[in-house]
Amino acid sequence: MNKKGKVMKKLFLVMSLLVMVGCKGEISKAEINIPTAQCGMCAVTIENTLRNVEGVKKALVDMDALKVTVAYDAEVANVSSIENAISNAGYQANETSANMEVYKSLPGCCKLPADR
Ligand SMILES: [Cu+2]
């Protein structure tokens, strides 16, 4: 192979690598406070809700820390779309308060002690 061919091959490799990385999208991670979560059922509800949000790859609730760690494609989802999804499941997310209509329909064990 001549020198020009080698350079072209290298260039092609670099370009196809860039395309592959581009297709994968950028995976971001966020920790979101869920101070009103009460029990294991809340954790399951929040995780399932987030797994159905477009662009979310992973969601893991930590009930001791009252946080959910979310891995998401930054080109599709963002922190506020994730917060809104949690709110619409009936839970506070960071400074975004819960959708009260949904909150009211949560099982008793998932409501705040004052509302039971
Ligand atoms: Cu609960």
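Two strands count as paired when DSSP finds at least two bridges between them. Helices and strands here are themselves DSSP runs, numbered from the N terminus, with at least four residues of H or I for a helix and at least two of E for a strand.

Hi everyone, and thanks for coming. Before we look around, this is a predicted model, where local features need pLDDT of at least 70, side-chain atom pairs count only at pLDDT 80 or more, and totals for chains, interfaces and linings use all residues. Residues are numbered from 1 along each chain as its sequence is written.

Let's begin with the sheet. It is an open sheet of 3 strands in the order 1-3-2, with antiparallel pairing. Strand 1 (27-33) and strand 2 stand at the edges with a single partner strand each, so one side of each has no neighbour in the sheet. On average, neighbouring strands are turned by 15 degrees against each other, direction ignored. For angles like that, axes are lines fitted to C-alpha atoms, for helices over the stretch in contact, and values between N-to-C directions run from 0 to 180 degrees.

How many bridges join strand 1 to strand 3? There are 7, and these two strands run antiparallel. You can find Ser-28 opposite Tyr-72 in strand 3, and Asn-33 has Lys-67 of strand 3 as its bridge partner. Strand 2 and strand 3 are antiparallel too, paired over 6 bridges. There, Val-56 has Tyr-72 as its bridge partner, and Lys-58 has Ala-71.

Now follow the side chains along strand 3. In a regular strand, side chains alternate between the two faces of the sheet. Here Val-68, Val-70 and Tyr-72 point to one face and are buried, whereas Lys-67, Thr-69, Ala-71 and Asp-73 point to the other and are not. By buried I mean 20 or more other C-beta atoms within 10 Å of the residue's own; 12 or fewer is exposed, anything in between is partly exposed, and the C-beta atoms are placed from the backbone.

The hairpin of strand 2 and strand 3 has 4 residues between the strands. One of the loop residues there is Leu-66, whose phi is near 50 degrees, a positive value in a residue other than glycine. Leu-66 counts as partly exposed because it has 17 C-beta neighbours inside 10 Å.

On to helix 2, residues 40-51. At 1.5 Å a residue, its 12 residues should span 16 Å, and the end C-alpha atoms are 17 Å apart, which agrees. That expected span is 1.5 Å times one less than the number of residues. Which residues of helix 2 are buried? They are Cys-42, Thr-45, Ile-46, Thr-49 and Leu-50. Seen down the axis, these buried residues fall within an arc of 125 degrees, so they line one face of the helix. The arc is taken from the directions between the helix axis and the C-beta atoms. On the other side, Gly-40, Val-44, Asn-48 and Arg-51 are exposed.

The buried residues of helix 2 pack against strand 2 (56-62), strand 3 (67-73) and helix 3 (79-87). Contact here means that two C-beta atoms, placed from the backbone, lie within 7 Å. Helix 2 lies across strand 2 and strand 3, at about 170 degrees to strand 2.

Let's pause at Thr-49 in helix 2. Why is Thr-49 counted as buried? The reason is its 20 C-beta neighbours inside 10 Å. Leaving out residues up to four places away in sequence, Thr-49 touches Ala-85, Ile-86 and Ala-89.

That brings us to helix 3, where Ile-82, Glu-83, Ala-85, Ile-86 and Ser-87 are buried. Those residues pack against strand 1, helix 2, strand 2 and strand 3. Helix 3 lies across strand 1, strand 2 and strand 3, running at about 45 degrees to strand 1.

Next, the largest nonpolar core. A nonpolar core is a set of buried Ala, Val, Leu, Ile, Met, Phe, Trp, Tyr and Cys residues joined through C-beta atoms within 7 Å. This one has 21 residues, of which Ile-34, Ile-46, Val-68, Ile-82, Ile-86 and Tyr-91 touch the most other members. Helix 2, strand 2, strand 3 and helix 3 are the elements that each give two or more residues to this core.

One last stop is Asn-94, in the loop between helix 3 and helix 4 (100-104). Asn-94 has a positive phi of about 50 degrees although it is not a glycine. With 18 other C-beta atoms within 10 Å, Asn-94 is partly exposed. Thanks for listening!
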